[in-house]
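Trainee: Could we go through this structure together, one question at a time?

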Amino acid sequence: IPSKSPSVRDRREEARSPETRAPRRRSDGRRAGRERPGTMRPMTVKERWRRWVSEIEAAGTTRGRARSRRCSLEGTRLFERALRSGVRIERAVCSEAFYLDGAPRTVALRDELLSSGGQLSVVPDAVMTALTEGRSIGEVVGLAPIPEAPSLEQLLARARGARPLMLGAV
């Protein structure tokens, strides 16, 4: 007489089906995977800068740069040079002291960063000290895309009549 109750195999298959499977949870209790558009709550300011700090720390490693295709920039002078050369700094974090500093150089840097489309978030001074490992080259750190290496054709087009020197197996 066939049993009408589901077998162990049937229950396992049912448990594997996407319609009946409960959503997986991450270690922080939130659902894993993509959320539906419009249902994800916006990040709080603290969550945002913590995420940015972790992205900046990751970009400080070879594997992190290769994975994100971004490099980290650190310090006032490097930020000024990058912005002057037209590099788009996507995200930056600065210390509270840097943000409240009214020096013309600091104000100009903040304004130029924001006007170029970059995002800026303020972090506690202790977080910035840990991020910069105590270096005092400016309390601002950020991420910029790694530029693509030009092809040989692009390099020759830039030369415009000049006779470029090409070295092989140096």
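What follows is a short exchange on a few parts of the model.

Mentor: This is a predicted model, where local features need pLDDT of at least 70 and side-chain atom pairs count only at pLDDT 80 or more, while totals for chains, interfaces and linings use all residues. Residues are numbered from 1 along each chain as its sequence is written, and side-chain values use heavy atoms, with hydrogens and water left out.

Trainee: Which element gives the largest share of the largest nonpolar core?

Mentor: A nonpolar core is a set of buried Ala, Val, Leu, Ile, Met, Phe, Trp, Tyr and Cys residues joined through side-chain atoms within 4.5 Å, where buried means under 20% relative accessible area, exposed over 50% and partly exposed in between, computed with a 1.4 Å probe and protein chains only. The largest core has 13 residues, and among those touching the most other members are Leu73, Phe79 and Val140. Two or more residues each come from helix H4 (76-84), strand E2 (91-95), helix H6 (104-115) and strand E4 (140-145), helices (H or I, at least four residues) and strands (E, at least two) being DSSP runs numbered from the N terminus. The largest share, 3 residues, is given by H4.

Trainee: Is Ser121 buried or exposed?

Mentor: Ser121 sits in strand E3 (residues 119-123). Leaving out residues up to four places away in sequence, Ser121 touches Arg48, Trp49, Trp52, Ala92, Val93 and Cys94, contact meaning heavy atoms within 4.5 Å. With a relative accessibility of 2%, Ser121 is buried.

Trainee: What is the relative accessible area of Glu55?

Mentor: Glu55 belongs to helix H2 (residues 45-59). Beyond its neighbours within four places in sequence, Glu55 is in contact with Arg70, Arg91 and Leu143. Glu55 counts as buried, because its relative accessible area is 18%.

Trainee: How long is the polar contact that joins the side chains of Glu148 and Arg69?

Mentor: Glu148 is placed in the loop between E4 and H8, and is exposed, with a relative accessible area of 64%. Although Glu148 and Arg69 are 79 residues apart along the chain, their C-alpha atoms are separated by 9.5 Å. A polar contact is a pair of N or O atoms within 3.5 Å; within protein, one must be able to donate a hydrogen and the other to accept it, and residues adjacent in sequence count only if both atoms are side-chain atoms. Between the side chains of Glu148 and Arg69, this contact is 3.0 Å.
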